[in-house]
Amino acid sequence: MLRSLVNACKSLLNPCDRLPSMSMFLFRGYRDPRKERLIQDFGYEPKFWQGGLLPRPKSTTPVKMPAFDPPDRWSEKRALFGQNDYIDILGDGNLEPHHLVKGPAWLRGLQGKEFHHIQRRLKMREGSLGAHRPSLLALLRKRKRYLFRRMNFVHGGKKK
């Protein structure tokens, strides 16, 4: 009994005996020192130098950096780069870039919100949609009504 009391007093006087081997790091949680650690990277051999600075023979002198030579920003090659990119691409000027876009006719050259997309689509395709896809026509009209109400009354209608 006296021996166990002496061992208990020794462990109280020297608390470092109870700490894990990596006691210099601050852990956020408790790590059980009795729990076995997983062996990771077993058999891995790094293929790069890990010894600090690169080894250099003592007889060689250090390699000097070349003097900084700023590039000439206004050289002929740089100044005229891309000058002919748009010459003769679009023809005589009657053709605009949005005419070259492939896609639905009601979307070509259109800028605007979803409401304007639907409005233009219905204006251009309402007859053919009614004949071939009546359910899509009904959905587009319903969406247009919803967006109209939202745009004019819910978010930013006329204010008094």
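Reader: What makes the contact of Glu-126 and Arg-141 a salt bridge?

Author: A salt bridge is a side-chain nitrogen of Lys or Arg within 4 Å of a carboxyl oxygen of Asp or Glu. The side chains of Arg-141 and Glu-126 meet at 2.5 Å, N to O, so the pair fits that definition. Glu-126 sits in helix α3 and Arg-141 in helix α4, 15 residues apart; helices are DSSP runs (H or I, at least four residues), numbered from the N terminus. The model is predicted: local features need pLDDT of at least 70, side-chain atom pairs count only at pLDDT 80 or more, and totals for chains, interfaces and linings use all residues. Residues are numbered from 1 along each chain as its sequence is written, and side-chain values use heavy atoms, with hydrogens and water left out.

Reader: Why is Glu-126 called partly exposed?

Author: Buried means under 20% relative accessible area, exposed over 50%, and partly exposed in between (1.4 Å probe, protein chains only). Glu-126 has a relative accessible area of 31%, so it is partly exposed. Arg-141, at 37%, therefore counts as partly exposed too.

Reader: How many salt bridges are found in the whole structure?

Author: The search finds 2. One of them joins Arg-143 to Glu-114, with the closest N and O atoms 2.9 Å apart. Arg-143 lies in helix α4 and Glu-114 in helix α3 (residues 114–132), so this pair ties together parts 29 residues apart in sequence.

Reader: How do you know whether Val-154 is buried or exposed?

Author: Val-154 has a relative accessible area of 58%, so it is exposed. Val-154 is found in helix α4 (residues 134–154).

Note on methods. Helix = DSSP H or I, 4+ residues; strand = E, 2+ residues; numbered from the N terminus.
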